[in-house]
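Visitor: I should like to learn how to read a structural model one feature at a time. May we take a single case and work outwards from it?

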Amino acid sequence: MPIINGITEKGTVWIKKLDRQGKLLQKRVLQNRIQYDTYFNRFDGRPSVTVLTNHRDKTQFAAIFPRRIFSAGKKYKTLDLSDAANNSPLTGMYNDLLRRITGFKNKKFDRLSEQLCSEYLEKLEQMVL
(Lines give C-alpha, C1' and ligand atoms only; values in the text may rest on other atoms or scores of the structure.)
Protein backbone atom coordinates (compact mmCIF):
# COMPACT_ATOMS: atom_id res chain seq x y z
CA MET A 1 0.00 0.00 0.00
CA PRO A 2 1.74 3.15 -1.18
CA ILE A 3 2.02 6.31 0.91
CA ILE A 4 2.29 9.65 -0.91
CA ASN A 5 2.97 13.00 0.77
CA GLY A 6 3.86 16.60 0.22
CA ILE A 7 3.87 20.19 1.46
CA THR A 8 1.75 22.97 -0.06
CA GLU A 9 3.00 26.53 -0.55
CA LYS A 10 1.00 27.67 2.50
CA GLY A 11 2.75 25.12 4.72
CA THR A 12 0.10 22.42 4.88
CA VAL A 13 1.63 18.95 5.29
CA TRP A 14 -0.37 16.06 3.84
CA ILE A 15 0.12 12.31 3.83
CA LYS A 16 -2.13 9.81 2.01
CA LYS A 17 -2.22 6.04 2.28
CA LEU A 18 -3.69 4.24 -0.74
CA ASP A 19 -4.75 0.64 -1.24
CA ARG A 20 -3.52 -1.54 -4.12
CA GLN A 21 -6.21 -0.19 -6.48
CA GLY A 22 -5.26 3.42 -5.68
CA LYS A 23 -8.28 4.19 -3.46
CA LEU A 24 -7.68 6.54 -0.54
CA LEU A 25 -7.68 4.75 2.85
CA GLN A 26 -6.13 7.22 5.29
CA LYS A 27 -5.14 10.84 5.14
CA ARG A 28 -3.31 13.14 7.53
CA VAL A 29 -3.27 16.90 7.16
CA LEU A 30 -1.26 19.23 9.42
CA GLN A 31 -2.21 22.89 9.14
CA ASN A 32 -1.61 25.72 11.63
CA ARG A 33 -0.74 23.25 14.43
CA ILE A 34 -4.00 21.35 13.92
CA GLN A 35 -3.78 17.74 12.76
CA TYR A 36 -6.59 15.93 10.94
CA ASP A 37 -6.36 12.13 10.66
CA THR A 38 -9.12 10.67 8.48
CA TYR A 39 -10.12 7.11 7.66
CA PHE A 40 -12.07 6.59 4.42
CA ASN A 41 -14.56 3.82 3.64
CA ARG A 42 -12.79 1.52 1.18
CA PHE A 43 -16.03 0.71 -0.68
CA ASP A 44 -17.50 4.14 -1.44
CA GLY A 45 -14.55 6.44 -0.68
CA ARG A 46 -16.40 8.60 1.87
CA PRO A 47 -14.79 9.65 5.15
CA SER A 48 -15.86 7.46 8.09
CA VAL A 49 -13.90 8.85 11.04
CA THR A 50 -11.74 11.94 11.55
CA VAL A 51 -9.58 12.56 14.61
CA LEU A 52 -8.86 16.28 15.04
CA THR A 53 -5.89 17.13 17.25
CA ASN A 54 -5.27 20.74 18.26
CA HIS A 55 -1.60 20.94 19.30
CA ARG A 56 -2.04 24.48 20.65
CA ASP A 57 -4.48 23.70 23.46
CA LYS A 58 -3.78 19.91 23.58
CA THR A 59 -7.34 18.82 22.79
CA GLN A 60 -8.47 15.97 20.60
CA PHE A 61 -11.88 15.17 19.11
CA ALA A 62 -13.24 12.43 16.86
CA ALA A 63 -15.90 13.07 14.24
CA ILE A 64 -17.81 9.96 13.20
CA PHE A 65 -19.64 10.42 9.91
CA PRO A 66 -22.99 8.76 9.17
CA ARG A 67 -23.21 6.29 6.31
CA ARG A 68 -25.91 8.21 4.49
CA ILE A 69 -25.41 11.45 2.61
CA PHE A 70 -25.59 14.55 4.79
CA SER A 71 -28.97 16.25 4.98
CA ALA A 72 -29.98 19.39 6.83
CA GLY A 73 -30.89 17.42 9.97
CA LYS A 74 -28.00 14.93 10.02
CA LYS A 75 -24.57 15.81 11.30
CA TYR A 76 -21.58 13.83 12.38
CA LYS A 77 -21.17 12.70 15.97
CA THR A 78 -18.32 14.26 17.96
CA LEU A 79 -16.43 12.52 20.77
CA ASP A 80 -13.95 14.16 23.15
CA LEU A 81 -10.74 12.12 23.07
CA SER A 82 -8.77 14.33 25.48
CA ASP A 83 -7.16 12.58 28.44
CA ALA A 84 -9.48 14.38 30.86
CA ALA A 85 -12.49 12.73 29.20
CA ASN A 86 -11.03 9.20 29.38
CA ASN A 87 -12.06 8.08 32.85
CA SER A 88 -13.34 4.58 32.08
CA PRO A 89 -11.21 1.78 30.56
CA LEU A 90 -13.91 1.12 27.94
CA THR A 91 -13.78 4.72 26.72
CA GLY A 92 -9.98 4.50 26.59
CA MET A 93 -10.12 1.31 24.47
CA TYR A 94 -12.63 2.90 22.07
CA ASN A 95 -10.49 6.02 21.72
CA ASP A 96 -7.41 3.89 21.11
CA LEU A 97 -9.26 2.02 18.35
CA LEU A 98 -10.32 5.32 16.71
CA ARG A 99 -6.77 6.66 16.82
CA ARG A 100 -5.37 3.44 15.32
CA ILE A 101 -8.00 3.29 12.53
CA THR A 102 -7.44 6.89 11.46
CA GLY A 103 -3.64 6.56 11.39
CA PHE A 104 -3.03 8.70 14.47
CA LYS A 105 -1.07 5.84 16.06
CA ASN A 106 0.70 4.94 12.82
CA LYS A 107 4.46 5.29 13.45
CA LYS A 108 5.18 5.59 9.73
CA PHE A 109 2.74 8.51 9.45
CA ASP A 110 4.30 10.10 12.55
CA ARG A 111 7.85 9.83 11.18
CA LEU A 112 6.80 11.16 7.78
CA SER A 113 4.87 14.09 9.22
CA GLU A 114 7.78 15.02 11.52
CA GLN A 115 10.19 14.85 8.58
CA LEU A 116 7.94 16.96 6.34
CA CYS A 117 7.34 19.53 9.08
CA SER A 118 11.07 19.90 9.69
CA GLU A 119 11.70 20.25 5.92
CA TYR A 120 9.06 22.98 5.75
CA LEU A 121 10.55 24.81 8.74
CA GLU A 122 14.04 24.66 7.16
CA LYS A 123 12.68 26.09 3.89
CA LEU A 124 10.81 28.80 5.80
CA GLU A 125 13.95 29.68 7.75
CA GLN A 126 16.01 29.92 4.55
CA MET A 127 13.39 32.22 2.98
CA VAL A 128 13.48 34.56 6.00
CA LEU A 129 17.30 34.73 6.06
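Visitor: Where does Leu-112 lie?

Guide: This is a predicted model, and in it Leu-112 lies in helix α2.

Visitor: Is Leu-112 buried or exposed, and how does one decide?

Guide: The decision rests on relative accessible area, and a residue under 20% is called buried. Leu-112 has a relative accessible area of 17%, so this residue is buried.

Visitor: Which residues does Leu-112 touch, leaving aside those up to four places away in sequence?

Guide: With those neighbours set aside, Leu-112 touches Ile-3, Asn-5 and Ile-15. A distance between C-alpha atoms gives another view: Leu-112 and Gly-6 are 106 residues apart in sequence and 9.8 Å apart in space.

Visitor: Which residues make up the largest nonpolar core?

Guide: A nonpolar core is a set of buried residues joined through side-chain atoms. Here the largest one has 6 residues: Val-13, Ile-15, Leu-30, Phe-109, Leu-112 and Leu-116. At least two of these residues come from β2 (13–18), and at least two from α2 (107–128). The largest share, 3 residues, is that of α2.

Visitor: Which residues does Ile-15, a member of that core, touch beyond four places in sequence?

Guide: Its partners include Phe-109, Leu-112 and Leu-116, each of which also belongs to the core. Ile-15 further touches Ile-3, Ile-4, Asn-5, Gln-26, Lys-27, Arg-28 and Ser-113.

Visitor: How many helices and strands does the chain have, and what pattern do they follow along the sequence?

Guide: The chain has 2 helices and 7 strands. Read along the sequence, the order is β-β-β-β-β-β-β-α-α.

Visitor: What do totals for the chain add to this picture?

Guide: They describe the chain as a whole. Of its 129 residues, 31% are buried. The accessible surface comes to about 9100 Å², and 55% of this belongs to carbon and sulfur atoms. For contacts between residues at least 6 apart in sequence, 27% join residues at least 24 apart.

Visitor: How much space lies in the largest pocket, and which residues line it?

Guide: Rolling a probe the size of a water molecule over the atoms shows where empty space is left. In this model the largest pocket holds about 290 Å³ of space. Its lining consists of Lys-10, Gly-11, Thr-12, Val-13, Leu-30, Gln-31, Asn-32, Arg-33, His-55, Cys-117, Tyr-120 and Leu-121. Val-13 and Leu-30 appear in this lining, and both are also members of the largest nonpolar core.

Visitor: Which elements supply the lining, and what is its make-up by class?

Guide: β3 (24–31) and α2 each supply at least two lining residues, and α2 gives the most, with 3 residues. By class, the lining has 5 nonpolar, 5 polar and 2 charged residues.

Visitor: Asn-32 and Arg-33 are both in that list. Where do they lie, and what is the sign of phi in each?

Guide: Backbone angles are read residue by residue. Asn-32 lies in the loop between β3 and β4 (34–40), and Arg-33 lies in that loop as well. Phi of Asn-32 is positive, about 50 degrees, although this residue is not a glycine. Arg-33, also a residue other than glycine, has a positive phi near 60 degrees.

Visitor: Why do Asn-32 and Arg-33 count as exposed?

Guide: The cut-off for exposed is over 50% relative accessible area. Asn-32 is exposed because its value is 55%, and Arg-33 is exposed because its value is 52%.

Visitor: Let us compare two further residues. Are Val-49 and Arg-46 buried, partly exposed or exposed?

Guide: Val-49, in strand β5 (residues 47–54), has 9% relative accessibility and therefore counts as buried. Arg-46 is found in the loop between β4 and β5; with a relative accessible area of 36%, Arg-46 is partly exposed.

Visitor: How far apart in space are Val-49 and Tyr-39, and Arg-46 and Leu-24?

Guide: From C-alpha to C-alpha, Val-49 and Tyr-39 are 5.4 Å apart, with their positions 10 residues apart in sequence numbering. Arg-46 and Leu-24 are 22 residues apart in sequence and 9.3 Å apart in space, again C-alpha to C-alpha.

Methods. Residues numbered from 1 in each chain as written. Predicted model: local features only at pLDDT ≥ 70, side-chain atom pairs only at ≥ 80, totals over all residues. Heavy atoms only, no water. Core = buried A, V, L, I, M, F, W, Y, C linked by side-chain atoms within 4.5 Å. Buried < 20%, exposed > 50% of the residue type's maximum accessible area, 1.4 Å probe, protein only. Helix = DSSP H or I, 4+ residues; strand = E, 2+ residues; numbered from the N terminus. Contact = heavy atoms within 4.5 Å. Areas by Shrake-Rupley, 256 points an atom, 1.4 Å probe, with all protein chains shown as cover. 1 Å grid on protein atoms, 1.4 Å probe; cavity = no way out; pocket = protein on both sides within 12 Å on 5 of 7 lines; lining within 4 Å. Points joined across faces, edges and corners; volume = space filled by probe spheres on them. Nonpolar A, V, L, I, M, F, W, Y, C, P; charged D, E, K, R; others polar.
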